[in-house]
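Reader: I would like a close look at one part of this model, namely how its helices pack, and after that an account of what lies around it. Please take the terms carefully as you go.

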Amino acid sequence: MVQFLLGNERILDDYPRSPETPMPTLATIVDGLRLPNPFIIGSGPPGTNLSVINRAFREGWGAVIAKTISLDSSKVVNVTPRYAKLHSRDGSEVLGWENIELISDRPFNIWLDEFKRCKDTNPNGVLIASVMEEYRKDAWVEIIERCQGVGVDAFELNFSCPHGLPERKMGAAMGQDPEILGEVCGWVMGAAKLPVWAKMTPNVTHIEDPSRAALRAGCNGLSAINTIRSVMGVNLDTLRPEPTVEGWTTPGGYSSKAVKPIALRMVMEIATMIRKEFPGRTLSGLGGIETGGDAAQFILLGADTVQVCTGVMKFGYECVKPMCDELLAFMEKHKFETLSDFKGKSLEYFTTHADLVRRQADRKAAQKAASKVVKSDGEWSGDEFVKQSDALSKQ
Ligand SMILES: Cc1cc2nc3c(=O)[nH]c(=O)nc-3n(C[C@H](O)[C@H](O)[C@H](O)COP(=O)(O)O)c2cc1C
């Protein structure tokens with residue numbers, strides 16, 4: 001049974017560590033979930049069935065969020081092609097990735113069976129069900145209760161897919177309306193006995209507004225971000241936008257390395273809000289994470305855990321090992337023993353532009369004053385000879 005605790009700072013000391021456990025450690029407890037490391041498979045193709053979820057646990061991922069599921073998969077019909085990639089100029093690297101993929105088109109009963117078998121095989125593996133439903137209380141309560149019944153460890157509520165599902169008033173359509181989102185989170189919290197994270201869409205002006213609504217409704221934590229609504233490009237021979245399906249397209253969701261700066265900004269904004277208004281609630285950051293250094297940046301801006309989706313599609317499940325090594329090396333370099341030692345540490349360096357101008361002007365004035373300390377004897381006045389003689393003795 002998962003213990004309900006908000007935030008990880010207060011309880012990190014309780015994490016069972018053998019005396020031989022080398023420091024630093026990536027192990028963490030978030031909302032009562034015990035993770036060997038903060039790297040979580042983000043909802044999407046890398047968690048699309050039992051076989052690949054088992055593979056993720058075998059490779060050492062800290063937790064797995066399965067592909068988003070709904071009660072009636074017959075309404076979910078995918079198309080091909082559904083991906084389009086932005087490559088670097090020399091073509092060697094994928095920088096951006098658009099998808100028009102929907103949530104899982106696999107039947108709910110099959111998922112329930114796979115969740116149960118997954119927990120039987122990986123009793124200590126943290127398995128998080130990602131769920132999405134229509135705007136009906138009975139549907140949300142049913143999906144939560146039935147997933148809970150087969151032993152998943154936590155929920156992520158998908159209020160954030162930017163394509164396809166919003167046509168049915170689901171996904172980002174809910175995430176963009178704080179009132180509806182708050183109401184749905186309230187339904188879920190009434191039924192859930194496990195930790196619940198609400199996954200935010202970046203396709204809003206102020207991400208704090210839906211985030212606040214989810215936390216007010218009692219969600220334990222948030223995940224940010226889902227994909228950014230996008231059009232990958234237009235084929236200059238056919239004049240058709242891409243990805244082209246039967247000659248047509250629809251705007252999709254953008255992910256991978258190119259979105260990291262936007263994700264970091266949103267994580268920073270949410271973390272700042274959590275600090276002020278909801279201390280102890282948690283945040284799972286994602287968007288373009290591919291290295292341990294990327295993860296460190298998300299944690300420095302307030303994330304408790306980090307998720308990787310497209311990175312796994314680019315580099316395979318094994319990428320978790322170099323990511324863990326790099327994050328540990330970062331911690332060793334700075335003498336951080338636990339993730340809590342540096343969570344949110346860089347938040348204090350954000351300020352307004354006006355303040356940047358003031359700080360720069362102050363620094364320039366101080367430099368100018370210092371360079372002017374040595375004046376000609378005729379310019380000395382009052383007690384200034386104290387400063388002047390000091391300055392002169394240093395030269
Ligand atoms: C092909 C693909 C399918 C996705 N499917 C889902 C999904 O079913 N549910 C969900 O919450 N997010 C889904 N996402 C979004 C990712 O979980 C993640 O929020 C986003 O891609 C940004 O992170 P990344 O750059 O690490 O991929 C999908 C992303 C991709 C690329």
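Reader: At what angle do helix α3 and helix α5 pack, and how far apart are their axes?

Author: A word on the basis comes before the helices. This is a predicted model, in which local features need pLDDT of at least 70 and side-chain atom pairs count only at pLDDT 80 or more, while totals for chains, interfaces and linings use all residues. Residues are numbered from 1 along each chain as its sequence is written.

Helix α3 (residues 137-149) packs against helix α5 (residues 178-191) at an angle of about 40°, and their axes are 9 Å apart. Helices here are DSSP runs of H or I with at least four residues, strands are runs of E with at least two, and both are numbered from the N terminus. The axes are lines fitted to C-alpha atoms, for helices over the stretch in contact, with angles running from 0 to 180 degrees between N-to-C directions. Angles under 35 degrees count as roughly parallel, over 145 as roughly antiparallel, 65 to 115 as roughly perpendicular and the rest as oblique; α3 and α5 are therefore oblique to each other. Their crossing is right-handed, a term used if the near helix is turned clockwise from the far one by less than a right angle, anticlockwise being left-handed.

A second pair is formed by helix α8 (residues 292-300) and helix α10 (residues 320-334), whose axes come within 7 Å and cross at roughly 55°. That makes α8 oblique to α10, and α8 passes α10 in a right-handed crossing.

Turning to the strands, an open sheet is formed by 4 strands in the order β5-β6-β14-β11, with antiparallel pairing, where two strands pair if DSSP finds at least two bridges between them. Its edge strands, β5 (83-87) and β11 (228-230), each pair on one side only, and from one strand to the next the twist averages 35°. Between β11 and strand β14 (residues 252-255) the antiparallel pairing extends over 3 bridges, and glycine 252 in β14 stands opposite serine 230.

The ligand is surrounded by 28 residues, the closest being Ser43, Gly44, Ser255, Cys309 and Thr310, where a residue is near a molecule if its C-beta atom, placed from the backbone, lies within 6 Å of it. Two or more residues of this shell come from each of β6 (94-99) and α9 (310-315).

Finally, the domain assignment gives domain 1 (9-349) and domain 2 (355-394), with bounds from an automatic or database assignment, and the C-alpha centres of domain 1 and domain 2 lie 54 Å apart.
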